[in-house]
Amino acid sequence: MAEEPETEPEIEARLPEQDSFEPPESFVEQANVTDDPRDEFDENWPQCWENAADKLDWFDGYDEVLDDSDAPFYEWFVGGKLNACYECVDRHVEDGRGDATALSWEGEEGETREYTYEELLDEVQAFAAGLRDVGVEEDDVVTMYMPMVPELPIAMLACARIGAPHNVVFAGFSADALRTRMENASSDFLVTCDSYYRRGEKLDHKKKADRGAPDEATKIVVGRFERYVPTDGEYAYRELVTRHEGASVEPVERDAEDMLFLMYTSGTTGTPKGVKHTTGGYLSYAAWTSHAVLDLKPEDTYWCAADIGWITGHSYIVYGPLSLGTTSLMYEGAPDYPTKNRLWEMVEGYGVDVFYTAPTAVRAFMKWGTEHPESHDLSSLRLLGTVGEPINPRAWKWYYRYIGGEDCPIVDTWWQTETGGMMVTTLPGVDEMKPGSAGPPLPGIDARVVDESGDEVDAGDAGYLTVHKPWPGMLRTVYGDDERYLSEYWETYSDEDADEWVYFPEDGAKIDDDGYITVLGRVDDVVNVSGHRLGTMELESSIVGVEGVAEAAVVGGEHDVKGEAVYAYVIVEEGQDTDDTFREEIVDAVEDDIGPFARPEEVVFTDALPKTRSGKIMRRLLEDIASGDELGDTSTLRNPDVVKDIERKLEK
Ligand code: WTA
């Protein structure tokens with residue numbers, strides 16, 4: 001007879017009580033890094049970054065580790081030549097590991113595919129030849145808009161091979177979002193897919209791609225379930241690859257500072273910005289952090305359950321693990337499809353060694369109950385990680401106890417699209433772990449917590465996270481907009497006259513006596529929904545675009561599973577009905593302009609927004625209301641009654 005699921009108090013009682021955890025002995029014994037390299041890095045900075053560059057086999061060595069003569073337009077590994085595809089594929093074949101599995105893939109419906117490094121090399125070369133065939137030249141930006149299928153990393157690597165930067169757009173983004181990104185990147189090529197499954201439902205992806213892609217774009221389409229029959233101006237992926245089967249395409253020599261890819265992300269102002277990453281610095285950093293933090297080894301099966309459409313998938317599904325010759329597992333579908341056992345079946349079935357996911361997923365696992373992980377053998381796991389948002393201590397402990405069996409360290413890794421790789425986290429074989437706190441900065445990373453005027457705060461006080469030295473994985477600029485690069489990231493805390501440059505990630509944080517950093521969340525107008533960054537300005541402009549809307553304010557409110565959810569406060573024009581139909585219209589507009597994952601959780605119609613006497617919307621207050629928090633001082637408000645009214649409307 002099946003056992004009764006455990007009750008909440010029973011689960012709670014089995015969570016460890018202490019506030020700090022030593023790395024398990026069994027882990028330390030085999031860890032890639034066991035002696036803390038931080039002092040050595042500090043004493044030898046920036047030369048210490050050779051440790052990262054040494055993870056790669058450069059065609060031509062660099063002359064200088066760092067050129068800071070034009071700060072903050074830093075250059076790394078100056079003069080070095082390499083090819084990212086060669087680093088991730090060819091060299092492992094040359095080293096005699098051609099038979100090792102590079103990519104293991106599972107579709108939502110259960111079909112599987114595997115590519116050894118040798119097979120990956122063949123397909124990447126064939127597709128690289130195909131890309132050239134359709135007119136892609138070195139430095140052309142190729143956009144990819146596809147779900148989690150093996151053709152996505154293959155296309156990225158093929159681009160890297162011929163020196164064409166890629167620009168991956170998450171498949172959940174709308175047609176409009178695709179268009180903005182292709183236009184901003186002046187990208188004339190699109191690799192996409194006809195359809196895919198999500199929770200058993202077949203989605204027509206091609207229709208979205210057609211609506212979003214500029215008319216003149218050349219499209220290459222992957223037939224997900226059957227042969228794709230191309231129309232004018234299109235090519236079928238499979239046909240191209242077949243036509244070029246057996247092709248040998250030399251990896252082009254790229255300069256360390258040549259662009260490897262663009263990735264668009266939301267910020268406080270304006271449209272999404274194209275974060276530019278380079279070949280040498282980014283790849284060295286992805287490889288080094290995969291080695292030091294994810295502890296990856298060539299024989300590992302490693303699973304990062306993110307989507308390649310976000311930076312986490314770029315650095316830690318594709319570039320980091322493949323550069324180290326690891327097996328990277330990819331899963332196409334939803335974590336609870338067809339049942340809530342799916343992930344644990346896969347961990348058991350593939351013998352996953354290292355598992356990396358987002359706190360929002362961990363909170364969902366908690367909700368689903370312990371019976372799912374407990375009915376599977378998860379003993380292959382050696383290390384767990386999280387990324388994307390703060391993880392609350394209870395979720396951390398649940399992950400540690402029920403997934404890791406109290407035998408796996410957890411790395412809570414703080415970083416961003418812009419940083420290219422992890423910045424603040426414990427080293428799993430070295431540092432004590434403290435649930436809720438990401439940990440100390442990584443070796444060579446000078447992260448601090450400062451107040452408004454840039455002075456370091458006292459231990460325990462809240463302030464702003466800042467980074468006081470450059471690092472190889474950093475973004476080089478905002479594509480086509482150096483001014484924005486300066487104003488968004490450097491202006492706030494740098495002293496230009498003294499040539500002192502401070503990077504500002506726009507996160508709040510506090511720091512303990514022992515240098516452990518707890519990240520508190522964004523301090524700009526960015527909402528973090530299930531680890532996805534959304535600019536409130538983009539959301540607001542989508543909502544005010546709906547006929548009948550006069551004004552809108554969007555904030556993030558606390559959410560059990562998503563971390564934050566989108567709350568929209570909307571003022572309508574005279575005569576406009578505020579019924580459910582209109583509410584649906586607003587939600588649909590956001591889905592159309594951005595994507596379904598950006599759907600507002602609540603749309604609250606109100607006659608006014610809380611404003612200060614000087615006319616500024618008090619967002620903090622709107623956030624508190626959305627989160628159901630105690631409201632602070634409202635005496636500076638011009639219209640305090642509005643607050644009561646909104647609160648009443650939100651009470652369910
Ligand atoms: C947040 C994702 C707390 C943070 C790799 C950051 C985190 C933003 C953590 C970047 C963490 C990421 N603890 N907060 N471990 N990791 N964040 O660009 O606010 O999608 O600025 O990159 O996510 O999101 P992005």
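The following exchange concerns a predicted model and the reasons for some of the terms applied to it.

Colleague: What makes the pair formed by D412 and the ligand a polar contact?

Modeller: An N or O atom in the side chain of D412 is 2.7 Å from a nitrogen atom of the ligand. The cut-off for a pair of N or O atoms is 3.5 Å, and the value lies within it, so the pair is a polar contact.

Colleague: How do you know that Q416 and T417 also qualify?

Modeller: For Q416, a side-chain N or O atom is 3.0 Å from an oxygen atom of the ligand. For T417, a polar side-chain atom lies 2.6 Å from a ligand oxygen atom. Both values are within 3.5 Å, and both pairs therefore count. The protein covers 97% of the 530 Å² of accessible area that the ligand has on its own.

Colleague: Why is S186 called exposed?

Modeller: S186 has a relative accessible area of 55%. Exposed means over 50%, so the term applies to S186. This residue lies in the loop between α8 (175-184) and β8 (189-193), and its phi is positive, about 45°, although S186 is not a glycine.

Colleague: Why is D499 called partly exposed?

Modeller: The relative accessible area of D499 is 49%. Buried requires under 20% and exposed over 50%; the value falls in between, so D499 is partly exposed. D499 is in the loop between α17 (482-490) and β23 (507-511) and has a positive phi of about 55°.

Colleague: What makes a positive phi worth noting in a residue other than glycine?

Modeller: Most residues other than glycine have a negative phi.

Notes: Residues are numbered from 1 along each chain as its sequence is written. This is a predicted model: local features need pLDDT of at least 70, side-chain atom pairs count only at pLDDT 80 or more; totals for chains, interfaces and linings use all residues. Side-chain values use heavy atoms; hydrogens and water are left out. A polar contact is a pair of N or O atoms within 3.5 Å; within protein, one must be able to donate a hydrogen and the other to accept it, and residues adjacent in sequence count only if both atoms are side-chain atoms. Accessible areas come from the Shrake-Rupley method with a 1.4 Å probe; for residues, only the protein chains shown count as cover. Helices (H or I, at least four residues) and strands (E, at least two) are DSSP runs, numbered from the N terminus. Buried means under 20% relative accessible area, exposed over 50%, partly exposed in between (1.4 Å probe, protein chains only).
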